[in-house]
Each structure stands twice: as C-alpha cells, then as structure tokens.
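I opened this entry to keep track of what I looked up, in the order I looked it up.

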Amino acid sequence: MKRPLPSDPAEQRLAVLQKLRIVIRAAQQHSAWIEKQCGVSGAQLWIMQELHEHGGMRVGALARALAIHQTTTSNLLDTLVKRALVRKDADPDDRRAVVVSLTAAGAALLATAPRP
C-alpha cells in the first residue's frame, strides 16, 4: 500500500530521499549479485551488452550510452581489457581515437551471464 507524501515540505524531501536510498541499495545489491554470478560488475556487464548490440564503439559514445563520465568508462574498460573480455583498437578513421570491441571470450561470458 502506498503512503501519501507528508504535507510538510521538509518531510516530503526526507521521504523522497529515503525512497531514493532504497532504489540505490537495490541497484547495489543487484550489481553484487551479477558480479557473484559471472565475475564482472553490473556496469561492466552493461558495457559488454552495449558492445554486443552495437559492435565497436568509441569510449565517448559508450560513456554516453551508459550516461556515465568518460573517465569512469575508461576505468571500467581497463579491467575488462586486462581480462581479455574486450579489446581496444585504433579507430581506422581517426588514429587518435580508440574503438572498443567485445572479444570472443567476452561474448561467451555475456551469453551465460544474467541480463544487465
């Protein structure tokens, strides 16, 4: 049963904050469950899913698709590259840019992993 928001604005903000914390905690628990199931975080699995769906992507495009900062995306990718689940190659159209692709090992892990 839904409880209506309190009439006091301060209490309303507190109620919204409490609900937001519930959602954040649920997302953290889901990510931990995903990592236990397949050995990569929920965010890393989401990256792999995007690469599977869209093929090779630049890091900036990947960051926009996940709505996270490019630096965060690069940090998540570094772990995936070290585990040979994704690879980085120079963009053939712009040698200064990098294109990230899913490897065969990454595709195999993704095929058995829970949906992100």
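Charges. I took the mean position of the 16 positive charges of the protein and that of the 10 negative ones; the two lie 6 Å apart. The model is a predicted one, and I keep that in mind for every entry below.

Surface. I looked up the accessible surface of the protein and found about 7,900 Å². Carbon and sulfur atoms account for 56% of that surface. I then checked burial: 33% of the 116 residues count as buried.

Overall form. The radius of gyration of the protein is 18 Å, whereas a compact globule of 116 residues would have one near 13 Å. I also noted the box that the C-alpha atoms fill, roughly 60 × 30 × 20 Å along the principal axes.

Secondary structure. I counted 5 helices and 3 strands. Along the sequence they come in the pattern α-α-β-α-α-β-β-α.

Contacts. I looked at contacts between residues at least 6 apart in sequence, and 47% of these join residues at least 24 apart.

Helix α3. Which residues of α3 are buried? In this helix, residues 59–66, I found Val59, Gly60, Leu62, Ala63 and Leu66 buried. They sit on the same side of α3, because the arc they cover around the axis is only 160°. I set the general rule beside this: an α-helix has 3.6 residues a turn, so residues three or four places apart point the same way. What do the buried residues of α3 pack against? I found two helices, α2 (42–54) and α4 (70–82), and two strands, β1 (57–58) and β3 (94–102). Just after α3 comes Ala67, for which I noted a positive phi of about 60°.

Ser101. I next went to strand β3, where Ser101 lies. Is Ser101 buried or exposed? Its relative accessible area is 14%, and the cut-off for buried is under 20%, so Ser101 counts as buried. I left aside the neighbours within four places in sequence and listed the contacts of Ser101: Leu51, Gly56, Val86 and Arg87.

Ala104. My last stop was helix α5, residues 104–112, which contains Ala104. The relative accessible area of Ala104 is 67%. Exposed means over 50%, so I entered Ala104 as exposed. I also looked up the distance from Ala104 to Arg58: the two are 46 residues apart along the chain, and their C-alpha atoms are separated by 19 Å.

Definitions and conventions: Residues numbered from 1 in each chain as written. Predicted model: local features only at pLDDT ≥ 70, side-chain atom pairs only at ≥ 80, totals over all residues. Heavy atoms only, no water. Helix = DSSP H or I, 4+ residues; strand = E, 2+ residues; numbered from the N terminus. Rg over C-alpha atoms; globule rule 2.2 N^0.38 Å. Buried < 20%, exposed > 50% of the residue type's maximum accessible area, 1.4 Å probe, protein only. Contact = heavy atoms within 4.5 Å. Areas by Shrake-Rupley, 256 points an atom, 1.4 Å probe, with all protein chains shown as cover. Lys, Arg positive; Asp, Glu negative; His and termini not counted. Charge placed at Lys NZ, Arg CZ, Asp CG, Glu CD. Arc of directions from axis to C-beta.
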